[in-house]
Amino acid sequence: MLDLDALNFEKGNGLVTVVAQDARTGAVLMVAHADREALARTLASGEMHYRSRTRGPWHKGATSGNVQRVVSLAADCDGDAVLARVRPAGPACHTGAVSCFGDDALGADALGALDRTLAARAAAPAAEGVKPSYTQRLLADRNLRLKKIGEEAAELVTACADADAARAREEGLDVIYHALVALRALGVTLDDLRAVAEERAR
């Protein structure tokens, strides 16, 4: 866990910068500051404590219930910033948004961005008279979804059997895409898969 004596509080006039990241999704939730006392309270309680430059010490979620449970704390190479990987109990932003950096922060990687696109397609079916996207066609047709998963899986198996790494990468992504679409049709999201992976990792 974090060694407070290794942090450089003097550089920031008694404060270090804290970047709070969702441990499950990788999304950056917020940036704040903490002094030694706030981080000591964080270590003791298992929930994030910060120090506002204007409002003083604060326990994230003490009023709203949107606490941030600590998964890990790591200092940066200079010792003047801390990465706090947390499990948020609710939105991080005072506006009610999940992240203070808006929706763009929620697709922390390409798969996260893909999952957000699938969610948008599922929430807004093609309008009357407008040709649906491929994703919308899959979401609307159970048999097509299942057929495509089988086809793409067979192509991945062939690429692996042929030791064709370049093709296997492409086919592997195709399998993931079609699987995510099929899961989305059942109401299962990438975050649900991350939760299962996190549980299994324990």
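Is C93 buried or exposed? In this predicted model, C93 comes out buried, since its relative accessible area is just 11% and the buried class takes in anything under 20%. C77 is another story: with 76% relative accessibility, C77 falls in the exposed class, which starts over 50%.

On to the sulfurs. Searching the whole structure for disulfides turns up zero. For C93, the nearest cysteine sulfur belongs to C100 and sits 3.9 Å away. A disulfide needs the two sulfur atoms within 2.5 Å, so C93 ends up in no disulfide.

Next, the rings. A pair of aromatic rings is described by how far apart the centres are and by the angle of the planes. The count of aromatic pairs comes to two. One of them joins Y134 and Y177, with ring centres 6.2 Å apart and planes at 25°. That pair counts as stacked because its angle falls under 30 degrees. The two tyrosines come from distant parts of the chain, 43 residues apart. Y134 belongs to helix α3, which covers residues 134-140, while Y177 belongs to helix α5, covering residues 165-185.

How do the two partners fare on accessibility? Y134 is partly exposed, with a relative accessible area of 34%, whereas Y177 is buried at 13% relative accessibility. The stacked pair thus brings together a partly exposed ring residue and a buried one.

Finally, there is a charge over a ring to report. R55 lies over the face of W58, at 5.3 Å from the ring centre; the cut-off for such a contact is 6 Å.

Terms used: Residues numbered from 1 in each chain as written. Predicted model: local features only at pLDDT ≥ 70, side-chain atom pairs only at ≥ 80, totals over all residues. Heavy atoms only, no water. Buried < 20%, exposed > 50% of the residue type's maximum accessible area, 1.4 Å probe, protein only. Phe/Tyr/Trp six-rings, centres within 6.5 Å; stacked < 30°, edge-to-face > 60°. Helix = DSSP H or I, 4+ residues; strand = E, 2+ residues; numbered from the N terminus. Lys NZ or Arg CZ within 6 Å of the ring centre and 35° of its normal.
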